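Hi,

Here is the model I said I would pass on. Could you have a look at it before reading my notes underneath?

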Amino acid sequence: MIRLATICLLAVSLLILPGCWSRKELNELAVIVALGIDKTDEGLNVSAQVVNPTEIGMQRGSIGVAPVITYSAKGQTLPDALQRILSQAPRQLYLSHLRVLVFGESLAREGLSDVLDFIARNNELRTDFYLLVAHNSKASDILQVLTPFEHIPANSLNSSILVSHKQWAATGKITLQQFVTELGREGANPVVSGVEIIGNKEKGQNINNLHDIKPSVLLRHSGMALFDKDKLVGWVDEKTSKSINYILDEVNETVGHVRCPDQDDGIVGVKIVRSDAQIDVSLDQSGRPEFKVNFKIEADLDAIQCKIDLNKEASILKIEKEMERSLKQVNESSVQLVQRKYKTDVFGFGEALHRKYPKVWSKYRNQWQDVFPQMQVTVDADVRVLRIGSIVQPLRRDMRD
């Protein structure tokens, strides 16, 4: 009786347990690790960087074959172009391992909503890959460059985004989910890191680019692309990119320098080890919003290129004050540049107003792009120097003139 009951239980279990009906064999798939999308007269040109399984499975450089293959096709829509790639690729396209999505600059200026609609709607795609905009080039050119150090170019781009954002603070690691969320927020616009080709792009397509000590071609992150909703409106340089990340509270670590206190020449190099930013909103007597960004910064001294006595507490205090002055000046000028030249609120000031004074925000909501350039924004910084290094006095101070 027990044996019969066990057999019946197993039989019922076979009916309800999931099977492997949707399995996908690896040798039947073309794994796409990077997508590039450009605007053309016919619609879109889509480039897909596909892993070459033959080369990846062997030791690097063993047969001198490129580790990836880039296919391109044109179509009226993104899925249309992807389907046309099937006429070139010998396997079914597989998008679940996508690492980076690169947009051509011309497409970004026209708007990304239509393209992102398919990307966000496709249930095969994860939303944790990073977005980039090709600076002064096409996305297809970016995906044809073979990169040293990392075997797969898409992995190189993905890793460099993480490292540069964490330790340099002049780039942004923007995922699809973050970009779509920014589009839906009131009083804030998205930013995306740029990427450009350094060198001759034709040479970057050659496998020999991986064999040289000094590669002929490299991919480099290049500033930030500012958006008004889904349209690219302009580019900012390293200084302004850092300011944007400071105000967005996206700075983990970075380095910089300030003028040596009480001296006409010489600089003090600093390493920011912690940065906290908070946007405060207040109303003036007429009810007009005013914004103040408060920074709390912790830093280490990492290079002293002047004569200064670090044994004195007053010297450290002067360096802190100089850093506070520099942070205030640089960030205020960066905000004014974005306000006057690009007129897009990528800092989230409108969102801060919306949270604190929703009724006031309702007055500016439909005209925020017009009034944002006239809004007063000030910056206040509180800097603390934590460490001065393993030696106290600068070497220059101990040397005789």
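One convention before we start: helices here are DSSP runs of H or I with at least four residues, strands are E runs of at least two, and both are numbered from the N terminus. Keep in mind, too, that this is a predicted model.

On confidence, the protein chain has an average pLDDT of 88, and 87% of the residues score at least 70. The low point is helix H15 (residues 395–398), with a mean of 58, while strand E5 (residues 100–103) comes out highest at 98. Where pLDDT is low, the predicted coordinates should not be read in detail.

Now the sheet I spent my time on. Its 4 strands run in the order E10-E11-E12-E13, and the sheet is open with mixed pairing. E10 (254–259) and E13 (376–387) are the edge strands; each has a single partner, so one side of each has no neighbour in the sheet. On average, neighbouring strands are turned by 40 degrees against each other, ignoring direction.

Going across it strand by strand:

- E10 and E11 (residues 267–283) are antiparallel, with 6 bridges between them. Arg259 has Ile267 in E11 as its bridge partner.
- E11 and E12 are also paired in the antiparallel sense, over 16 bridges, and Ile279 is bridged to Val293 in E12. The two strands make a hairpin with 5 residues in between, where Gly287 in the turn has a positive phi of about 85 degrees.
- E12 and E13 are where the parallel pairing comes in, over 11 bridges. Phe291 has Val377 in E13 as its bridge partner.

What lies across this sheet? Helix H12 (residues 349–356) does: it crosses E11, E12 (289–305) and E13, at about 45 degrees to E11. Phe349, a residue of H12, is a good place to see the packing. Not counting neighbours within four places in sequence, Phe349 contacts Gly187, Ile247, Ile279, Phe291, Val293, Val335, Trp368, Phe372 and Val377. That list takes in both of the bridged pairs mentioned above, Ile279 with Val293 and Phe291 with Val377.

Phe349 also turns up in the largest nonpolar core, which has 49 residues; Phe295, Met323, Phe347, Phe349 and Trp368 have the most contacts inside it. H11 supplies the largest share of this core, 7 residues. There is a second, separate core of 38 residues, and among its members are Tyr71, Ala81, Leu176 and Trp235.

H11 (residues 313–342) has a polar residue worth a look as well, Glu332. Is Glu332 buried or exposed? Its relative accessible area is 17%, so Glu332 counts as buried, the cut-off being under 20%. The Glu332 side chain comes to 2.9 Å from the backbone nitrogen of Val379. Beyond its sequence neighbours within four places, Glu332 is in contact with Val377, Thr378 and Val379, and these three belong to the edge strand E13 (376–387).

Another buried polar residue is Ser243, in helix H10 (residues 238–247), with a relative accessible area of 2%. Its side chain makes a polar contact of 3.0 Å with the side chain of Ser334. Setting aside residues within four places in sequence, Ser243 contacts Val330, Asn331 and Ser334.

Back on the sheet, Lys271 sits in E11 and is partly exposed at 32% relative accessibility. Lys271 touches Glu253, Thr254, Val255, Glu298, Ala299, Asp300 and Asp302, leaving out residues up to four places away. From Lys271 to Gly256 the C-alpha distance is 6.5 Å, with the two residues 15 apart in sequence.

Finally, two backbone oddities, both at lysines. Lys229, in the loop between strands E8 (218–228) and E9 (231–236), has a positive phi of about 60 degrees without being a glycine. Lys343, in the loop between H11 and H12, likewise has a positive phi, near 55 degrees. Both are partly exposed: Lys229 at 44% relative accessibility and Lys343 at 43%.

Cheers

Technical notes:
Residues numbered from 1 in each chain as written. Predicted model: local features only at pLDDT ≥ 70, side-chain atom pairs only at ≥ 80, totals over all residues. Heavy atoms only, no water. Pairing = 2+ DSSP bridges. Axes fitted to C-alpha atoms, helices over the stretch in contact; angles between N-to-C directions. Contact = heavy atoms within 4.5 Å. Buried < 20%, exposed > 50% of the residue type's maximum accessible area, 1.4 Å probe, protein only. Polar contact = N/O pair within 3.5 Å; in protein donor to acceptor, adjacent residues only side chain to side chain. Core = buried A, V, L, I, M, F, W, Y, C linked by side-chain atoms within 4.5 Å. pLDDT = per-residue confidence, 0-100.
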